[in-house]
Structure formats: C-alpha cells, structure tokens
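Work through the exercises below with the sequence and the model open. Each task is followed by a solution in steps.

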Amino acid sequence: MVDTKPLLPASNSDGSYLTGSRVNSLKPIKVYLTIFCGLLAVGLFAALLIGNYWSENARIHGSLASSTSKRTHPLRPVSRGPAQGVSEKTSGIWAGVSRGPAQGVSEKTNRFRAGVPWNILPEPWNSTMLEWQRTAFHFQPEKNWMNGPLFYNGWYHFFYQYNPNGAVWGDIVWGHAVSKDLINWFHLPLAMVADQWYDKNGVWTGSATILPDGKIVMLYTGSTTEAVQVQNLAFPANHSDPFLIDWVKYHGNPVLVPPPGIYKKDFRDPTTAWLTSEGKWRITIGSKRDKTGISLVYDTKDFINYEMLEGELRAVSGTGMWECVDFFPVSKTEEKGLDTSINGPEVKHVVKVSLDDDRHDYYALGTYHEKNGSWIPDLPEIDVGIGIRYDYGIFYASKTFYDQNKNRRVLWGWIGEGDSEAADMEKGWASLQSIPRTVLFDNKTGTNLLQWPVEEIESLRLNGTEFEKVEVKAGSVVPLDVGPGSQLDIIAEFEIDKEALKKATGSNITFSCQTGGGAAKSGALGPFGILVLADESLSEQTPVYFYIAKDSDGDLKTFFCTDLSRSSKAPDVDKQIFGSYVPVLKDENLSLRVLVDHSIVESFAQGGRTVITSRIYPTEAINGASRVFLFNNATETRVTASVKIWQMDSAFIRPYSDDDDKDDDDRKSSAPCLL
C-alpha cells in the first residue's frame, strides 16, 4: 500500500516531526534504579563465578604465563564479535562489517606471531609507550572503541559506530561529531541507539541524502531481534538545528527487507541516493549470491516505498559479500568533485566495495547505464573487487560524500588497530579515522583515482625544514635534522640516475612488496625512500620506499611499499610489508607525501595514485627519540632527494558546550552542554 505521506512524515511549523520514535528520550528514574540494581546483583554473581574459574585456571596453567614474562597484565577474553557470522560494524555512518569468528574468538587471535597470547600484555609495554600511541590530528573518540559524513548548514557532520562501554567491539551506537574544517572536531551526544525491534541487534551502516528542499533523510541498516538485516529510515527531529542533535526513526520501519533469494544476513549498507532522469531516487545495497558479490538497485519516490530493479548494478564472481558499497561520478575534464546525481558524457562512474572476505576496499572506473541501473567497468581485468584498492595498508569500510561547500568529493576510511586486544584494553581506546582525502579522476592514467589529504590539514603545519637535492649514495642512510618525529607532514621527490636505469640488468623474477624482502633486501634499483618513526640507532624504523623492477625485456615497473618488519620491538604487533605497483609516467620524478601522527602513518605516492596506511607501535622511537632519515639500499644507483618536512600541531578535538558557539550566527537553536 502506498504511503500517503511522501518523503517524510508531516512536521510542525518549527520543522520538528510529529511521528516516529525519538532517539534521545529519557526514562523515569525508577526504571533506571531497578535496572541498575538488577545488573549489580547479576554482576556480583558473575564475578564470583568468574573469579573461581580464573583461580582454578591460574592454578593449572600459571607456570606457563610466568615463564613468558616477568610482568604481564592478564585480561579476561572479550569477544570482538558475535559467533557464526553475525555482523559487527566498524566505521562511520557507512560503517563496515567485521565478522567475528565463531564462539567469540578475537579477530586478532591469528594475526600475530605464534606463542603471544592475545589477552596478555607482554614486555616491554608500559604506560608511556601506550599513551604515545594516541594520535594528535586524526579523528577518534575520547575513549573506547570506534570505527557518513555530510555538510549541513555550515557544519561538517560525522556519524560513526562507537562502543561507549569498552575498547573492543560491542554495545554499538552512533557517535556524532561536528567540525567547521574536517580537522578540529566537537563531540556531540549520541545520535542513534539500538532501541527498536528492527535495530535491536545493531544500528549499522547508513548514508545521508540531502533533498532539493535542504532536508535530510538517512537510510541505515538495522539488525532485528531475529538478526535479519533490514533498511530503516531516520531524519532530524529539527532541520533548523545546524548541529542535528536529535533524530527520529520512521514509525513504519523497516522500509526494505531482504528480497527472495538473499540470505537474511547478507543485505546491508544503503548508499547515498541519486536522482534519475525520471525524477526518482535510486540507491544500491550490498549483498551476495553464493560467492558472487552483488549490488542490488532500488528506485523510490518517497524513501518509504521501493521498486527493485531487475539485475544488479554490478556482480563479480568470487568476490564474496559486498559491503559499504559506494557509487559516485568523477569529472573527466575538471579538477572538482561532483554531486552524486550528476551524469553525462564528461563523467565516469566509480563503484567501490568493501570485501568482507579479505577486509580491503576496491574500486573501478566505468560507465553507468541509467535505463537498467547497471554499471560496466572500463577494463574487466581490473573490475571492482579484483583490481585496484583505495589503500594497500589498513583501511576499510570507506565512504565518500560530496562537499557542496567546496565542490569536492571527500573520502573517509576506518583505520583499525595492528596491536593486540590486550593493548587496546590497557590503552582504553581502539581505532580511528583516516585524514579526509579529496578524490579526483587521474586523467593521465585513465584507470586510477587520485587521493590527497584535504587542504585544511595544512593549517596544522608549524615550522618547516627544507632539504634541497640531497645525494643519497647506494647503501647509505642520511639523517634529517627536523626534531621529534611523532607529528610530521613530509613531502619528498626523488631523482634517479638515468644511466643506472639503462645499465641495470633485467630479471624475469616478479617483484612484490610483500615477498620482496622488505627495505633491508638490496636490489639494483631499490629500495630507497624515507625512514620514519626511527630511533637514533635504527633498531626501530618504518621505511616508506620505492622499488624499481626491471624485467628481462628492459621494461621498468615501480612499486611503492611500507615495511613494518622492524617498526617495533614488541612481540604482539602486526609487522607486515604493505604496498603495490604505482604507475609512473614518462618524465615524472618519483614523489611521495607522508603524514606521521604517532601510531598512524599515511603515505601517498605519485600524487595519490597509490596509498598505504599503516599502524606503527614502536617502543623506543617515541616522543623525543623519534627521528627521520633518507635511505638508499639499492646497489647500482644513487638517488637525489628534495624534501620538505613540517612539524604538525595537534587538532582541537573535544566535547562541545554552548560557550564554544556564543558568537556563531549560524547557531539557530541551543544544545545542551556535553559531558
């Protein structure tokens, strides 16, 4: 039956809605006291049982723990996710899904070297080391576990998945923060909680659409009391409030349920809607059939009633479940972003998916056919899910939004941890967001996107130091005197000895960053680059570098890598080697940009054609002991490097109060002071 209230329920004259479930409602104090007392009693009883269990366990296995470390911090296991593939969400309003292994085993259990218990904090960790890891200019909540963005009425809004009760997955709600510049943030009250039957098991991914009249609709995935993934509608209680403090859930939720042939737990993550030429709104939702990843397409006139199109936006065999699908246009002729509804001959369309099977984000460029709602890749061999990735490090569940304030498309991604769960719990927080990145079509290659930190990050630059044409001989390391290396913005360009390129002997051995032996393995034309988060003796170091491979036909291929194998002396952290091929065109010098912010390093090669995000956990190269070096571990070439390095200030990220905004003319309604 067609709803008689198109787009949204009726509103009062002040813009507040008459119907729906208020998210931030208050309960009577007696109810809270009753619940508190009941939980207290249950907690005491559980503590008694658990205490007996751990005492017995210690008696049987205590000698094993004491033999591995003199000082350990045993922590009780906490599940990072439900058993049997029940979804966890991991990022902002687009939130990714993280499937916890069966029986509540931690995701991190098998990620680190054998013999290091995931729930024991080993030597050499201490509070100084752990405190250093918290970032200074990346967005993250004040504490605990976290994982879309939009620009509205003068403010950037970021909604994110957040556990207010611990530094591991669980008790997920929607956090909310606002910013004027995407760098400095105010934390606002929680925007959405799991309080209805259709989202009781999770308020997950959502995407905002701004309507022509300026109002906002939010579609999000909820997991019902029966663990069925459904799509729900929410909207601001008061559109005149630029902070969008209160949200209302539509009284008729859910508005979409899994269609026939789709498993109840494989239907999630609605995109921002775009307009068709017929005036309908169109969205796509991630799913799968067997091992084929698919993106289902729906049309709607009112965001309440939907028509499912035949076929899919795209389907790719062998890619598994698609989540956090993103779909947007890029201009082939102009260096600016485009509204999601733009189409035409001067436009290419991007499809991006987050693969649940391998936890990476892939994209491809292609042509969108509005009539049947399908998208065809330009090059099938690099189709979405099997070709190019946004980021070759730790980066997942990403989402773009069109920033109408500056005519740009901005990308955010969720950055997980690479340490142990015990360390997360000891720190009291886990995970953060990448620096927002602009996204443009690379018209030089025709196959790539260019990602680059938003210009606002440069407002944090302090004193800069420039090094012009530094010669780095084969096998050498050159220190760069820039002071402490924990918060840096680094831009570098490398010139290669052209005669050495010609003389180098080719090889039929295929190179890859992951199997090439890292920065310590010498080759004829690499590796060379920069060492960050390194101590004076280089006992800890993180190389960000290029490697040029020459095949037996004499053709050159350039790789961009980050080597974590010597990044930390700690035994319980991830020490992978990340990276991939980066296209380098004729007459281009090799260039990179590196943002260092304590435990996160974001690296961009060739203007952002290839990007690597890493989590680094040094034990010695912290605070004033962190240094920067140039290095060249090639055997047959010298390189000349020109480098500029800025120390970076800390961003202003804290709870908001009315006092912060007394003079802001954009503020039309008051908000309570925040805790």
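**Exercise 1. Count the salt bridges, then place the pair Glu323 and Arg268.**

Solution. Take a salt bridge as a side-chain nitrogen of Lys or Arg within 4 Å of a carboxyl oxygen of Asp or Glu. By this rule there are 35 salt bridges. The model is predicted: local features need pLDDT of at least 70 and side-chain atom pairs pLDDT 80 or more, while totals for chains, interfaces and linings use all residues. Residues are numbered from 1 along each chain as its sequence is written, and side-chain values use heavy atoms, without hydrogens and water.

Step 1: the side chains of Glu323 and Arg268 form a salt bridge, 3.0 Å from N to O.
Step 2: Glu323 belongs to strand 20 (residues 322-331), and Arg268 to the loop between strand 14 (247-249) and strand 15 (274-275), so the pair links distant parts of the chain, 55 residues apart. Helices (H or I, at least four residues) and strands (E, at least two) are DSSP runs, numbered from the N terminus.
Step 3: Glu323 and Arg268 are buried, where buried means under 20% relative accessible area, exposed over 50% and partly exposed in between (1.4 Å probe, protein chains only).

**Exercise 2. Are Arg408 and Asp403 buried or exposed?**

Solution. Step 1: Arg408 and Asp403 form a salt bridge, with their closest N and O atoms 2.7 Å apart.
Step 2: Arg408 has 8% relative accessibility and therefore counts as buried.
Step 3: Asp403 is at 0%, so it counts as buried.

**Exercise 3. Describe the salt bridge of Arg461 with Asp489.**

Solution. Step 1: the closest N and O atoms of Arg461 and Asp489 are 3.0 Å apart.
Step 2: Arg461 lies in strand 31 (residues 461-472) and Asp489 in strand 33, 28 residues apart.
Step 3: both Arg461 and Asp489 are buried.
Step 4: elsewhere, salt bridges that share partners join Asp403, Lys406, Arg408, Glu455 and Glu456 into one network.

**Exercise 4. Where does the largest nonpolar core lie?**

Solution. Step 1: a nonpolar core is a set of buried Ala, Val, Leu, Ile, Met, Phe, Trp, Tyr and Cys residues joined through side-chain atoms within 4.5 Å. The largest has 66 residues; Ile490, Phe494 and Ile645 are among those touching the most other members.
Step 2: strand 33 (residues 487-496) gives the most to this core, 5 residues.
Step 3: domain 1 (142-453) and domain 2 (463-654) both give residues to the core, so it lies between them; the domain bounds come from an automatic or database domain assignment.
Step 4: apart from this core lies another, of 25 residues, including Phe151 and Trp412.
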